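Subject: Structure for you to look at

Hi,

Here is the structure I promised to pass on. Please have a look at it first, and then read my notes below.

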Amino acid sequence: MSQTHPFKLIFDKNSKILILGSFPSVISRKFGFYYTNPQNRFWRVLAAILNAAVPESTDEKIKFLLSHHIAIYDAAISCEIEGSSDAKMGKIVPANLEPIFKEAKIRQVYANGGKAYEICKKYLEGEIIKATKSEVIKLPSTSPTNAKFSLERLTNEWSMIVRTLA
């Protein structure tokens, strides 16, 4: 079933890094914001590496991201997808990253998982390199389907973000 990305890009002129997921899950689409599946570890991982409390409400999450100079979006703006499965994504239309690259000085783009990385490499690589002078970096997915990564291991892998923000 064809889906269009329902959320706005979260960033401001002070954003230094951009984290791209693949496409919002069914639960996130239902609740109207990024990574709202309680089993997804995105917010817990970011809070742990930034030594901050886990943000709860949408407003808290936006403030949390912006106060840490983090932008988030997804690599696909529309696609055909069954449920929330990245493996079942087809007819992908990549996101337009020009607005963020035009307004913010993004130093590095990170992909949250393999599918986001694949979309970046296939459709967005030239735009990302032109804007950041660096290739997208693949981080392990915070999705609950990535069960082989414990919260501790995810936190360890994602901690490289902190160096980019320094």
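A salt bridge here is a side-chain nitrogen of Lys or Arg within 4 Å of a carboxyl oxygen of Asp or Glu. Please keep in mind that this is a predicted model. By that rule the count comes to 4 salt bridges. One of them joins Lys-115 to Glu-118, with 3.1 Å between the closest N and O atoms, so the pair falls within the 4 Å cut-off. Both residues sit in helix H5 (residues 114–132), and because they are 3 residues apart there, about one helical turn separates them. As general background, side chains of opposite charge can pair when their charged atoms come close.

Now to the sheets. An open one has 4 strands in the order E3-E2-E6-E7, and its pairing is parallel. Strand E3 (70–74) and strand E7 (137–139) are at its edges with a single partner strand each, so one side of each has no neighbour in the sheet. From one strand to the next, the twist averages 25°. If you would like a place to start looking, try strand E6 (residues 108–112), which runs parallel to E7 and is joined to it by 3 bridges. In this pairing, Asn-112 is opposite Leu-139 of E7.

Another open sheet is built from 3 strands, ordered E1-E4-E5, and here the pairing is antiparallel. E1 and E5 are the edge strands, each of them pairing on one side only. Neighbouring strands in this sheet are turned against each other by 15° on average, direction ignored. H5, the helix that holds the Lys-115 and Glu-118 pair, packs on this sheet, where H5 touches E4 and E5. The direction of H5 makes about 65° with that of E5.

The pairings within this sheet can be followed residue by residue. Strand E1 (residues 2–4) and strand E4 (residues 76–80) run antiparallel and are joined by 3 bridges, with Thr-4 standing opposite Ser-78 of E4. E4 also pairs with strand E5 (residues 90–94), again in the antiparallel sense and over 3 bridges. There, Glu-80 faces Gly-90 of E5 as its opposite residue.

The last topic is helix packing, in which H2 appears twice. Helix H2 (residues 42–49) and helix H3 (residues 58–67) have axes that come within 12 Å and cross at roughly 40°. The two helices are therefore oblique to each other, and their crossing is left-handed. On the H2 side the contact is made by Trp-43, Leu-46 and Ala-47, and on the H3 side by Lys-61, Phe-64 and Leu-65. By class, these residues are 5 nonpolar, no polar and 1 charged.

H2 also packs with helix H6 (residues 151–158), at an angle of about 60° and with the axes 9 Å apart. H2 and H6 are therefore oblique to each other as well, but H2 passes H6 in a right-handed crossing. From H2, the residues Phe-42, Arg-44, Val-45, Leu-46, Ala-48 and Ile-49 meet Leu-151, Leu-154, Thr-155 and Trp-158 of H6. This contact has 8 nonpolar, 1 polar and 1 charged residues. Leu-46 is worth a click, since Leu-46 takes part in the contact with H3 and also in the one with H6.

Happy to go through any of this with you.

Best wishes

Methods: Residues numbered from 1 in each chain as written. Predicted model: local features only at pLDDT ≥ 70, side-chain atom pairs only at ≥ 80, totals over all residues. Heavy atoms only, no water. Axes fitted to C-alpha atoms, helices over the stretch in contact; angles between N-to-C directions. Parallel < 35°, antiparallel > 145°, perpendicular 65-115°, else oblique. Left-handed = near helix turned anticlockwise from the far one by under 90°. Contact = heavy atoms within 4.5 Å. Nonpolar A, V, L, I, M, F, W, Y, C, P; charged D, E, K, R; others polar. Pairing = 2+ DSSP bridges.
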